[in-house]
Amino acid sequence: MAALSINNLVTEFDTDEGRVRAIDDVSFTAKAGQTLGIVGESGCGKSVTALSIMRLLPQPMGQIASGSVELDGTDLTQLPIQEMEKVRGARIGMVFQEPMTALNPVHTIGRQLTEVLLIHKSIPPDEAIRQGVELLDRVGIPSPDVRMTEYPHQLSGGMRQRVVIAIALACKPDFLIADEPTTALDVTIQAQILDLIKELQSEMGMSVILITHDLGVIAETCDDVVVMYAGKVAEKGSVFDIFDRAAHPYTRGLLKSIPTLSTAHKSTLSVIDGMVPGLLDLPKGCRFENRCTHSEAPCGGQAPKLQTVNEQHQVSCLRWQEL
Amino acid sequence: MPSSVSPKSAPILKVTDLKMHFPVKEGILLRANKSNKAVDGISFEIQPGETLGLVGESGCGKSTLGRCIARLYEPTSGSIEFEGNDITKLKGRALMPYRQNIQMIFQDPMESLNSRHTIGDILEEPYIVQKIGDKASRAKRVRELLNIVGLPTRSITRYPFEFSGGQRQRIGIARSIALNPKLVVCDEPVSALDVSIQSQILNLLVDLQKEFNLAYLFIAHDLAVVKHISDRIAIMYLGNIVEESTGESIYHEPRHPYTKSLISAIPIPDPHRRVKREIISGDVPSPINPPSGCRFHPRCPRVMERCKLEAPLLRTVADHQVCCHLDDL
């Protein structure tokens, strides 16, 4: 079993208005066999983190400026592209948010599923088809042999997402990166897909990085959590550290602002005022300073370093001890 | 249909056996031999100042129902009564007075605002269409509207792209309340927004309701959000309402097997409460060719022989309206 560690990763994009840092000095470790959740609002850099790990950043605008992504001691950012292609799909599988755009509409399910098997394993085509049918069956698609010959538009959203998962898991990777795998799906289908991922994880001993904006999904599935805000890690720790002992004002605000089934009817929800700052005019100090109700003079001046709360719980806030 | 809310006031909206069938054209001649029964026999009432939440999975017909009520569609059959007047078959000019009273907030705040118009133009348009006021009074009212929804007055000369998603939704809300409507159909108003912005918009909607005594038909798939804002909740499945009751009662004592599994599927943001969920298998079937009998029977964990043959009718169980054959609901 493998662990994936991201160290001081910086990813930049060239835009018309200049170079922007989409993620800035991000570090975390996804432990073997466990589920790590990355949570944050849109534009906070969760998806860019995933694309950086896979080295699938849009070219030529996006590049990893510094830092490393280590899979069992190998730095993926330094691998020649041919070597990286052997990692993608075989050692790290990826599930994308939108199951319609992740599949090619003009190829059959079978062709897209066997492609990954034929590339990474030297097996004859009929064996690839046999394994493909087995995989579709495993992810819970009824009459898999018929589905192999069908096109993505003939399947429902939930079924398509199952196909994407089957493709990601075809070569039994050590890692699965799931970028908002259930955001486009209904709750009953979401529950099916999350259960499927959990089941396959325990069966194959795989590690999962789950990217989502839904704190409910995080609470139900993850062991460790990274909370991102405006391209930086705001807080990281075990799922209990984050939900029971959140130290960062942003995490606390986020947890308080979601209506749950026990929130009083039509009561005023607590809000985080303002908006996430744009990447082009980031504040000099703490990036949450302009929305934080606890900010004081030093917060605007210097960017806080990650401070240790306990062994695995770290927070990027100067004043966490006083709050 | 009896309502769980006290029948003191006359309902502002009464929908009876509403059907909206879209023809499905097939073959070389594009003959419409089949129809998509998006809304298939729905009845409910909304009282003044009340919020009715409408929940269901995608494809269950909830948006179509909302659009029928805002009369963006002309329903196939059934009736929609607004303050006692039947508006089901009204067309063109005859609809104008009702357009003032029934407004709509759309899901995607980018697509529902004209990107070539300034915010001032967008908010002034309802008054021009309805021929209300002169230039000066309209401009004053636009500033008031911006104030109500919490946007700076200088937004008047700006364009939609200059605003964030949450701010654009505020503009959409300002437009919907411009004509002092009595009923607002909110079609997934917060689904496209981030968590921290969602709560801002929900608070705004609750405040506006209190201030202007608005009635809402609040359509969404996020059950926690719907429960927060709704007085009563109706659960839809494949063109029908399968259960209706007060928000608290739906969540704490769901009766219909579909409602039970829907509530059980909601992820709870509390890592100490990881319970085994009752997961229903399969997808929502196509409304073009819906299952026989009870439409939920192919996915129902408690399906009986009778369910496959006979469609259940809405009946009263305690303070719920439930559409199910089971005896021990």
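**Note on strand β9(A) and helix α4(B)**

1. Both faces of β9(A) are covered: Asp224(A), Val226(A) and Met228(A) on one side, and Val225(A), Val227(A) and Tyr229(A) on the other, are all buried (under 20% relative accessible area with a 1.4 Å probe, protein chains only; exposed is over 50%, partly exposed in between). In a regular strand the side chains alternate between the two faces of the sheet.

2. This is a predicted model, in which local features need pLDDT of at least 70, side-chain atom pairs count only at pLDDT 80 or more, and totals for chains, interfaces and linings use all residues. Residues are numbered from 1 along each chain as its sequence is written, chains are lettered from A and ligands numbered from 1 in the order in which they are written, and side-chain values use heavy atoms, leaving out hydrogens and water.

3. Strand β3 (residues 35-39) of chain A runs parallel to β9(A), joined by four bridges; strands pair if DSSP finds at least two bridges between them. Leu36(A) has Asp224(A) as its bridge partner.

4. Strand β10 (residues 232-238) of chain A runs antiparallel to β9(A), with six bridges. Here Val225(A) stands opposite Gly237(A). In the hairpin of these strands, Ala230(A) takes a positive phi near 45°.

5. In chain B, the buried residues of α4(B) are Arg138(B), Arg141(B), Val142(B), Leu145(B) and Leu146(B). Viewed down the helix axis, they fall within an arc of 145° and so line one face; the arc is that of the directions from the axis to the C-beta atoms. On the other side, Ala136(B), Lys140(B) and Asn147(B) are exposed.

Conventions
Helix = DSSP H or I, 4+ residues; strand = E, 2+ residues; numbered from the N terminus.
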